[in-house]
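Work through the exercises below with the sequence and the model open side by side. Try each task before reading its solution.

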Amino acid sequence: MEMKSIATQLSTNAYPGRSIILGKTPDGTKAAAAYFIMGRSANSRNRVFVTEGEGIRTQAFDPSKMEDPSLVIYAPVRVLGNKTIVTNGDQTDTIFDLMDKQMTFEQSLRGREFEPDGPNYTPRISGILHLENGSYSYAMSILKSNNGNPEACNRYMFAYSTPIAGEAHFIHTYMGDGNPLPSFEGEPELVDVLDDIDAYTDLLWTNLNEENKVSLFVRYINITDGSYETRIVNKNK
């Protein structure tokens, strides 16, 4: 698979929707994770990321304008021991709870499917980073309707047991803008990542569509000792 520039992938797509990027820095010392949300409606745009424990949650920027919190208020990032879970919905809690009961990442998602927001039927995308004794691996998942048919849920899992320095994988809910919104297709895209978290955060935020971008989370985790740095950028301030 040819590596693509994440700057180009973002700048040429006005609406990738909610997105997860997982990878390894070029110097090989850190696990890299990013999650961002976008919005077309006033309800979707009325959000910010706030910290919650070792993770984050979405929160209404102006609570008086929040219309329906069901699919927009959730915890995108939670930490379970040496595992960091990143998703685009409340399946974060499902993965956390069931993995805490010794289920695998894949098993924990078997009872979930795409979002009930027809006609889009937004895919549920999820990722998990696992660091243990100086080793690092990650996996990604997408649960989507069968080409827009809600009668069937197609489930795809992608495991990266030996991440390569300087490589990351990018999965997003939509291929681009449209009515209905076209679901993501294919494998997670192979994209570049930077050593410097501030430079990478700026690269991602700058190249997201100015009108549609809402919030961005970036975390770099030291593979040796598990320490981490986090950056959060919110359009609403």
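How do the residues of the lining of the largest pocket divide into nonpolar, polar and charged?

**Ground rules.** This is a predicted model, where local features need pLDDT of at least 70, side-chain atom pairs count only at pLDDT 80 or more, and totals for chains, interfaces and linings use all residues. Residues are numbered from 1 along each chain as its sequence is written, and side-chain values use heavy atoms, with hydrogens and water left out.

**Exercise 1. Classify the lining of the largest pocket.**

Solution.
- Step 1: fix the object. A pocket is an open set of points on a 1 Å grid over the protein atoms alone, where a 1.4 Å probe fits, with protein on both sides within 12 Å along at least five of seven lines; lining residues have an atom within 4 Å of a point.
- Step 2: fix the classes. Ala, Val, Leu, Ile, Met, Phe, Trp, Tyr, Cys and Pro count as nonpolar, Asp, Glu, Lys and Arg as charged, and the others, Gly among them, as polar.
- Step 3: sort. The lining holds six nonpolar, seven polar and six charged residues.
- Step 4: locate the centre. Among the 19 lining residues, Arg18, Ser41, Ser44, Val72 and Asp117 are closest to it.
- Step 5: add the volume, about 400 Å³. A volume here is the space filled by probe spheres set on the points, which are joined across faces, edges and corners.

**Exercise 2. Repeat the analysis for the second largest pocket, and name the element that gives the largest share of its lining.**

Solution.
- Step 1: the volume is about 260 Å³.
- Step 2: of 15 lining residues, Phe105, Ile128, Tyr138, Ala139 and Ala159 are closest to the centre.
- Step 3: the classes come out as nine nonpolar, four polar and two charged.
- Step 4: assign elements. Helices (H or I, at least four residues) and strands (E, at least two) are DSSP runs, numbered from the N terminus. Helix H4 (105-108), E7, E8 and E9 each supply at least two lining residues. The largest share, four residues, comes from E9.

**Exercise 3. Find the hubs of the largest nonpolar core.**

Solution.
- Step 1: define it. A nonpolar core is a set of buried Ala, Val, Leu, Ile, Met, Phe, Trp, Tyr and Cys residues joined through side-chain atoms within 4.5 Å. Buried means under 20% relative accessible area, exposed over 50%, partly exposed in between (1.4 Å probe, protein chains only).
- Step 2: rank. Among the 26 members, Ile20, Tyr35 and Leu129 touch the most other members.
- Step 3: map to elements. Strands E1 (19-24), E2 (30-38), E7 (124-132), E8 (135-146), E9 (149-160) and E12 (213-222) give two or more residues each.
- Step 4: check for another core. A second, separate one of 23 residues includes Ala32, Phe36, Tyr174 and Val218.
- Step 5: inspect one hub. Contact means heavy atoms within 4.5 Å. Beyond four places in sequence, the residues that Tyr35 touches include Ile20, Phe49, Tyr74 and Phe217.

**Exercise 4. Describe the surroundings of E12.**

Solution.
- Step 1: test burial. Nine of the 10 residues of E12 are buried, so this strand is largely enclosed by the rest of the structure.
- Step 2: find partners. Two strands pair if DSSP finds at least two bridges between them. E2 and E12 run antiparallel, joined by nine bridges. Met38 has Lys213 as its bridge partner.
- Step 3: take the other pairing. E12 and strand E13 (residues 228-234) are antiparallel over seven bridges, with Ile221 opposite Tyr228.
- Step 4: look at the hairpin of E12 and E13. Five residues lie between the strands, and Gly226 has a positive phi near 80 degrees.

**Exercise 5. Pick out the unusual backbone sites.**

Solution.
- Step 1: scan omega. The peptide bond from Gly118 to Pro119 is cis, with omega near 5 degrees. Pro119 is in the loop between H4 and E7. Asn179 and Pro180 are also joined by a cis bond, omega about -5 degrees.
- Step 2: scan phi outside glycine. Gln102 has a positive phi of about 75 degrees, and Asn147 one of about 55 degrees.
- Step 3: place them. Gln102 is in the loop between H3 and H4; Asn147 is in the loop between E8 and E9.
- Step 4: check exposure. Gln102 is exposed at 69% relative accessible area, and Asn147 is exposed at 76%.
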